Amino acid sequence: MRVLLARQDNLGDVLLAGPAVRSVAAGADEVVLLCGPRGRAAADLLPGVDEVIEWRAPWIDPEPAPVDRADIEAAVTKLAGFDRALILTSFHQSPLPLALLLRLAGVPWIGGISDDYPGSLLDLRHRPDGDVPEPLRMLALAEDAGFPAPADTRLRVREPLPDTDHLTGGAGYVVVHPGTSVPARAWPPERCAEAVRLLRAAGHRVVVTGHGEEKELTALVAGEDGLDLGGRTALPELASVLRGARAVVAGNTGPAHLAAAVGTPVVSLFAPTVPAGRWAPFGVPMALLGDQGAPCKDSRARVCPVEGHPCLASVGADEVAAAVEVVAVDPRGTPREEARAR
């Protein structure tokens with residue numbers, strides 16, 4: 001049985017699909033993941049994926065190109081030859097445009113989550129119960145399609161990861177990741193820099209991470225007290241750096257989910273533009289900071305609609321430093337609260 005799974009948006013969204021992917025992989029001969037260019041690096045890290053097809057969907061990408069007939073026809077050709085397909089989506093996305101293309105490609109069985117009447121586009125119209133975390137929402141679709149959930153439903157990445165001790169000086173540090181995919185989810189850079197100073201003063205080695213376009217930001221945040229790795233890690237190396245950390249400080253962005261996928265506790269600076277119950281780091285010790293009742297709540301805003309960005313600007317660096325002490329793993333690999341209890 002050759003199965004196509006689709007998750008076509010960002011890096012973090014693809015990582016959150018991991019439990020559903022492993023569920024299907026346990027019962028299929030081959031699993032192919034359809035993703036967009038923003039999620040491709042994460043798709044390559046998911047256990048259970050045999051092949052990746054990359055295609056930018058004009059109804060999913062946040063900066064979509066115009067719909068092009070030749071591009072659609074080429075996509076239909078790529079989507080031929082599957083026995084089954086599961087379309088993994090978030091609550092604000094519809095599976096029906098992709099389902100139409102899959103029907104045109106001749107896929108005989110298609111499942112998806114849809115509030116809209118699917119007509120003959122879906123064979124399985126899954127209707128989730130309640131407001132559940134994104135990984136469990138997608139996993140429920142796989143279960144409804146006949147693929148039992150894995151015993152461990154936490155996020156995972158492929159092993160082995162590259163050795164990054166030459167970058168970090170060895171495990172046992174705290175990572176601060178100041179960048180976010182959209183401005184509305186970012187903690188102010190000056191607060192990030194202050195947190196680095198406080199963490200260093202508390203005796204932590206601090207590593208600051210970011211992609212190549214964030215080098216100015218990471219340099220500012222690292223200052224003289226942190227190790228600046230901005231632009232020095234591809235996604236597998238970043239996963240390794242995060243795994244070596246005692247805790248990760250990050251906003252609601254892909255690396256927070258990558259930290260969860262390697263089992264590292266997260267201090268989550270979470271803007272309530274989307275519900276934390278769905279999108280907070282999953283399956284690891286976590287401290288959730290930020291005013292979850294702020295006026296931007298559930299707005300899905302990409303740029304903060306409220307003057308002063310109060311949901312996150314109200315969080316002090318001292319609060320973040322204190323939260324690190326609560327969730328951090330000690331040098332023996334034990335959460336510090338548990339270590340104190342012993």
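**Close-up views of a predicted model: sheets, pockets and cavities**

**Figure 1. L34 has I53 of β3 as its bridge partner.** The view, like those that follow, is drawn from a predicted model. Strand β2, residues 30-35, is joined to β3 by four bridges, and the two strands run in the parallel sense. They belong to an open sheet of six strands with parallel pairing, ordered β3-β2-β1-β4-β5-β6. Its edge strands, β3 (51-54) and β6 (124-126), each pair on one side only. From one strand to the next, the twist averages 20°.

**Figure 2. Helices α2 and α5 lie across strands of the sheet that contains β1.** Helix α2 (residues 18-25) lies across β1 (2-6), β2 and β4 (84-87), and its angle to β1 is about 175°. Helix α5 (residues 96-104) lies across β1, β2, β4 and β5 (110-113). The angle between α5 and β4 is about 170°.

**Figure 3. A second open sheet has six strands in the order β9-β8-β7-β10-β11-β12.** The pairing in this sheet is parallel. The edges are formed by β9 (227-228) and β12 (286-289); each has a single partner strand, so one side of each is left without a neighbour in the sheet. At the β9 edge, two bridges connect β9 with β8 (residues 206-208) in the parallel sense. Here V207 stands opposite L227 of β9. Helix α8 (residues 189-201) lies across β7 (173-177) and β8, at about 155° to β8.

**Figure 4. The largest pocket holds about 1,200 Å³ of space.** Its lining comprises 41 residues, and those closest to the centre are N10, L11, D13, S181 and R185. Helices α1 (11-16), α10 (235-243) and α11 (254-261) each contribute at least two residues to the lining of this pocket. By class, the lining of the largest pocket consists of 14 nonpolar, 19 polar and eight charged residues.

**Figure 5. The second largest pocket has about 220 Å³ of space.** Of the 17 residues lining the second largest pocket, S90, F91, I113, D115 and R137 lie nearest its centre. Five of the lining residues are nonpolar, seven are polar and five are charged.

**Figure 6. The largest cavity has a volume of about 60 Å³.** The model contains three cavities of 30 Å³ or more. Residues lining the largest cavity include R7, Q8 and D9, together with W59 and I60. Also in this lining are I87, L88, T89, Q93, S94, P95 and L98. The lining of the largest cavity divides into six nonpolar, four polar and two charged residues.

**Figure 7. The second largest cavity encloses about 50 Å³ of space.** Among the residues that line the second largest cavity are V176, H177, P178, T180, R185, A186, W187 and C192. V249, A250, G251 and L269 are also part of this lining. Strands β7 and β10 (245-251) are the elements that give two or more residues to the lining of this cavity. The largest share, three residues, comes from β10. Eight nonpolar, three polar and one charged residues make up the lining of the second largest cavity. R185 appears in this lining, and R185 is also among the residues closest to the centre of the largest pocket.

**Figure 8. Over residues 336-342, pLDDT stays under 50.** For this segment, the model has 13 contacts beyond four places in sequence. Where pLDDT is low, the predicted coordinates should not be read in detail. For the protein, the mean pLDDT is 95, with 96% of residues reaching 70 or more.

Definitions and conventions. Residues numbered from 1 in each chain as written. Predicted model: local features only at pLDDT ≥ 70, side-chain atom pairs only at ≥ 80, totals over all residues. Heavy atoms only, no water. pLDDT = per-residue confidence, 0-100. Contact = heavy atoms within 4.5 Å. Pairing = 2+ DSSP bridges. Axes fitted to C-alpha atoms, helices over the stretch in contact; angles between N-to-C directions. 1 Å grid on protein atoms, 1.4 Å probe; cavity = no way out; pocket = protein on both sides within 12 Å on 5 of 7 lines; lining within 4 Å. Points joined across faces, edges and corners; volume = space filled by probe spheres on them. Nonpolar A, V, L, I, M, F, W, Y, C, P; charged D, E, K, R; others polar.
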